[in-house]
Amino acid sequence: MAKSRFEYVKQYERLDRLLPETYIVIRIDGKGFHKFTKKHDFEKPNDLRCLNLMNAAARVVMSEFTDIVLAYGDSDEYSFVWSKSTELYERRESKLVSHVCSLFTSAFVFNWPKHFDIPLLSLPSFDGRAVLYPNMKVLRDYLHWRQVDCHINNLYNTTFWMLILKGGFTNTQAEEYLKGTVSAEKHEILFSKFGINYNFEPEIYKKGSIWIREPIDQEWHQQDKKFSVKQKKKMVLSILHVSLIDDDFWTSRPFLEV
Ligand code: ATP
Ligand code: ATP
Ligand code: MG
Ligand code: MG
Ligand code: MG
């Protein structure tokens, strides 16, 4: 077909190929979830229905994009870690980020009724960004940072909401009470006031959720760590609520370093 005289406008598009041989992390985060959780009367500090729904939506994204090796989520956010050799959409940032965001959002909405017995009262949306990490060390530090954030927020929120729900504090009083307290003091407040040993709180709240794509047994130890499309399709998706800070998490799963 002959080129139309309007076709030159294509040149105004921006090239956005992400640097090759680097780990792409796409992090999505719910827009205004503070308000969204109020509107849908979420249980505080952790509404398990929504965490399960977030995990279900992340699973859909992992199933669709087999170059995603691992995903980490807590609260209203999820980080998707891609194989450093992925060439999907020629590594175009806008394609990758927009597909992840929109598929995650539609899976969240589609699966809502399986997790909640109230209807959706507003339309959720998620922002997304891509960040590149040049090696495993920085990538692991990134995931470490998100998991520590999950832990810190959860300890704060658990103490904050106990003071309100069981201690009769107002929001402002609870905020004042917790101002400047360190972790050990929050543990102590939970234990002495409410008989809660924070260490026994559910792991999903303290550690967040990790989806990994696991090769089937005999393929685990293959030398070059490159998996064919066919092999990737056969891998199983597993969800874990464990520390990804320990070396052990990585050394026992060499297939994550692809
Ligand atoms: P922004 O649009 O800037 O992201 P936001 O209101 O979504 O604004 P976040 O910093 O992303 O702000 O915080 C998410 C909010 O949603 C927090 O208040 C968090 O406690 C709440 N939230 C997310 N998931 C749950 C859940 N499963 N149960 C209870 N509260 C949740
Ligand atoms: P890609 O993922 O690369 O976008 P695609 O299959 O979506 O692949 P497009 O170039 O976006 O390819 O083309 C959209 C296709 O959907 C075309 O085949 C078009 O005819 C079809 N299509 C879109 N909207 C309609 C519609 N309303 N009725 C019938 N066909 C439609
Ligand atoms: Mg948010
Ligand atoms: Mg958030
Ligand atoms: Mg199309």
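In this predicted model, the element that gives the most to the lining of the largest pocket is α4, with seven residues. It is joined by other elements that give two or more residues each, namely α1, α2, β2 (68–74), α5 (171–178) and α7 (203–207), while α4 itself spans 136–165. The largest pocket has a volume of about 740 Å³. Its lining counts 31 residues, and those closest to the centre are Thr-37, Lys-44, Pro-45, Ser-75 and Asn-157. Sorted by class, the lining holds 12 nonpolar, 12 polar and seven charged residues.

A helpful way into this pocket is through its occupant, as the space taken by ligand 1 is the largest pocket. There are 17 residues around ligand 1, and Asp-29, Gly-32, Phe-33, His-34 and Asp-47 come nearest. Three elements each supply at least two residues of this shell: β1 (23–30), α1 (33–39) and α2 (48–64). The largest share comes from α1, with three residues. By class, the shell around ligand 1 is made up of six charged, six polar and five nonpolar residues. Helices α1 and α2 thus appear in both settings, giving at least two residues to the shell around ligand 1 and two or more to the lining of the largest pocket.

Turning to individual atoms, oxygen atoms of ligand 1 pair with both backbone and side-chain atoms of the protein. On the backbone side, an N or O atom of Gly-32 lies 2.7 Å from an oxygen atom of ligand 1, and a backbone N or O atom of Gly-30 lies 3.0 Å from an oxygen atom of ligand 1. From a side chain, an N or O atom of Asp-76 is 2.9 Å from an oxygen atom of ligand 1. Taken alone, ligand 1 exposes 630 Å², of which the protein buries 69%.

The loop between α1 and α2 also deserves a look, for it holds two backbone features. Pro-45 lies in this loop, and the peptide bond that leads to Pro-45 from Lys-44 is cis, with omega near 5°. Both Lys-44 and Pro-45 are among the residues closest to the centre of the largest pocket, so the cis bond joins two residues of the pocket lining. Asp-41 has its place in the loop between α1 and α2 as well. Its phi is near 55°, a positive value in a residue other than glycine.

Key
Residues numbered from 1 in each chain as written. Chains lettered and ligands numbered in written order. Predicted model: local features only at pLDDT ≥ 70, side-chain atom pairs only at ≥ 80, totals over all residues. Heavy atoms only, no water. Near = heavy atom within 4 Å. Polar contact = N/O pair within 3.5 Å; in protein donor to acceptor, adjacent residues only side chain to side chain. Areas by Shrake-Rupley, 256 points an atom, 1.4 Å probe, with all protein chains shown as cover. 1 Å grid on protein atoms, 1.4 Å probe; cavity = no way out; pocket = protein on both sides within 12 Å on 5 of 7 lines; lining within 4 Å. Sits in = over half its atoms within 2 Å of the grid points. Helix = DSSP H or I, 4+ residues; strand = E, 2+ residues; numbered from the N terminus. Nonpolar A, V, L, I, M, F, W, Y, C, P; charged D, E, K, R; others polar. Points joined across faces, edges and corners; volume = space filled by probe spheres on them.
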